[in-house]
Amino acid sequence: MSTILKIENLSHKYTSSWAVRDINIELDQHGVVGLLGSNGAGKSTIMNIVCGVLKPTEGKVWIDGIDIRQQPELAKAKLGFLPQTLPLYLDFTVEEYLTYAADLRFIPKQKVKAAVHEAMEKCGIGHFSSRLIKNLSGGYRQRAGIAQAIIHKPELIILDEPTNGLDPNQIIEARKLIREIAAEHTVLLSSHVLSEINILCRDIIMIEGGRIVFSDTMDAFNNYVQPQTLLVRLENMPAEESLMAIPGVTKVQFLADKQVRVYFEDGADIAELVVAKSIQQNWRLKEINYEKSLLDDVFKQLSTQSIPTN
Ligand SMILES: Nc1ncnc2c1ncn2[C@@H]1O[C@H](COP(=O)(O)OP(=O)(O)OP(=O)(O)O)[C@@H](O)[C@H]1O
């Protein structure tokens with residue numbers, strides 16, 4: 001599969017200060033890629049530039065090899081966009097709205113009806129085709145918004161905070177729909193909620209202060225921060241002093257079920273030392289595991305430091 005989205009040296013200044021700086025992104029396969037960042041990090045700015053809504057101060061964007069500034073109509077035919085504020089006409093019915101969206105996308109007249117029908121079915125709103133959009137719930141309005149983004153079967157779909165404002169059941173439904181769409185399309189989705197990106201995305205691009213601070217697979221992100229604790233289960237629990245005597249150990253915390261959490265300093269690899277001492281002092285070691293940092297810890301750490309992207 002060819003490169004569906006390429007962003008090169010993208011920077012944008014609204015007034016005097018830079019909103020995003022030197023962004024480079026390349027997407028070349030189906031699935032969901034998450035753009036994660038706290039409020040004001042620069043996610044919408046990037047998405048608006050990719051979709052041709054905003055002219056970048058510096059840099060270039062290609063959609064399937066087509067420059068969005070030089071050939072906007074051709075490039076936009078290959079992308080669908082759901083902005084943060086839903087682009088809905090409240091006094092239209094769902095069918096009227098999607099028919100209008102199909103016209104805007106230059107779908108040939110004789111194919112509009114089928115395209116509208118297909119998008120409604122895919123997004124599970126066929127049964128509301130003649131309902132006014134203003135009478136739809138938040139979850140169904142979101143589906144109507146997603147339907148307009150996929151009506152022309154674009155290669156790339158950009159979803160800016162698509163589950164924002166939905167209730168928990170609507171969020172589950174929206175995620176299911178996004179996964180289905182991502183089986184056939186490349187989806188770039190933004191969120192400030194780490195767990196959402198973790199659940200939905202294959203790859204993650206994290207942006208803070210307008211710069212990319214991490215870009216890799218979700219698995220690599222989860223493994224990024226080195227473990228700082230060992231969780232150990234011992235049949236014969238030793239005294240705190242015995243554990244603290246192991247070089248590198250900074251703190252111990254006794255837990256239920258004959259478990260102890262052992263904190264150690266950066267760079268120290270103490271698992272072998274714990275095992276050796278357990279044998280020597282007959283602690284009867286049952287289990288020993290490095291504890292992975294919580295996702296939120298990773299987020300916090302990356303938010304406050306810049307690291308090179310891959
Ligand atoms: N039209 C504008 N004029 C001036 N500054 C703007 C404008 N739009 C955004 N900004 C600023 O640019 C920065 C990036 O904003 P952006 O909306 O891209 O972030 P975001 O990550 O999408 O945040 P959110 O999740 O809150 O939407 C912020 O500091 C914001 O205040």
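In which strand does D22 lie? In this predicted model, D22 is found in strand β2, which spans residues 18-27, and its phi is positive, at about 50 degrees, although the residue is not a glycine. With 14 other C-beta atoms within 10 Å, D22 is classed as partly exposed. A positive phi, near 45 degrees, also occurs at N9, again a residue other than glycine, and N9 has its place in strand β1 (residues 5-13). Because N9 has 12 C-beta neighbours inside 10 Å, it counts as exposed.

The model further contains an open sheet of six strands, in which the order is β6-β7-β8-β3-β9-β10 and the pairing is mixed. The edges are occupied by β6 (79-82) and β10 (211-217), each of which has a single partner strand, so that one side of each is left without a neighbour in the sheet. From one strand to the next, the twist averages 15 degrees. Strand β9 (residues 203-208) runs antiparallel to β10 and is joined to it by six bridges, with I207 standing opposite I212 in β10.

Helix α5 (residues 138-150) packs on this sheet, where it touches β6 and β7, and its direction makes about 160 degrees with that of β6. Helix α1 lies across β3 (31-36), β7 (156-160), β8 (186-191) and β9, and runs at about 150 degrees to β7.

Helix α1 (residues 43-50) also gives the most to the shell around the ligand, contributing three residues. Of the 13 residues around the ligand, those that come nearest are Y14, A19, N39, S44 and T45, and by class the shell comprises three nonpolar, nine polar and one charged residues.

Definitions and conventions. Residues are numbered from 1 along each chain as its sequence is written. This is a predicted model: local features need pLDDT of at least 70, side-chain atom pairs count only at pLDDT 80 or more; totals for chains, interfaces and linings use all residues. Helices (H or I, at least four residues) and strands (E, at least two) are DSSP runs, numbered from the N terminus. A residue is buried if 20 or more other C-beta atoms lie within 10 Å of its own, exposed if 12 or fewer, and partly exposed in between; C-beta atoms are placed from the backbone. A residue is near a molecule or strand if its C-beta atom, placed from the backbone, lies within 6 Å of it. Ala, Val, Leu, Ile, Met, Phe, Trp, Tyr, Cys and Pro count as nonpolar, Asp, Glu, Lys and Arg as charged, and the others, Gly among them, as polar. Two strands pair if DSSP finds at least two bridges between them. Axes are lines fitted to C-alpha atoms, for helices over the stretch in contact, and angles run from 0 to 180 degrees between N-to-C directions. Two residues are in contact if their C-beta atoms, placed from the backbone, lie within 7 Å.
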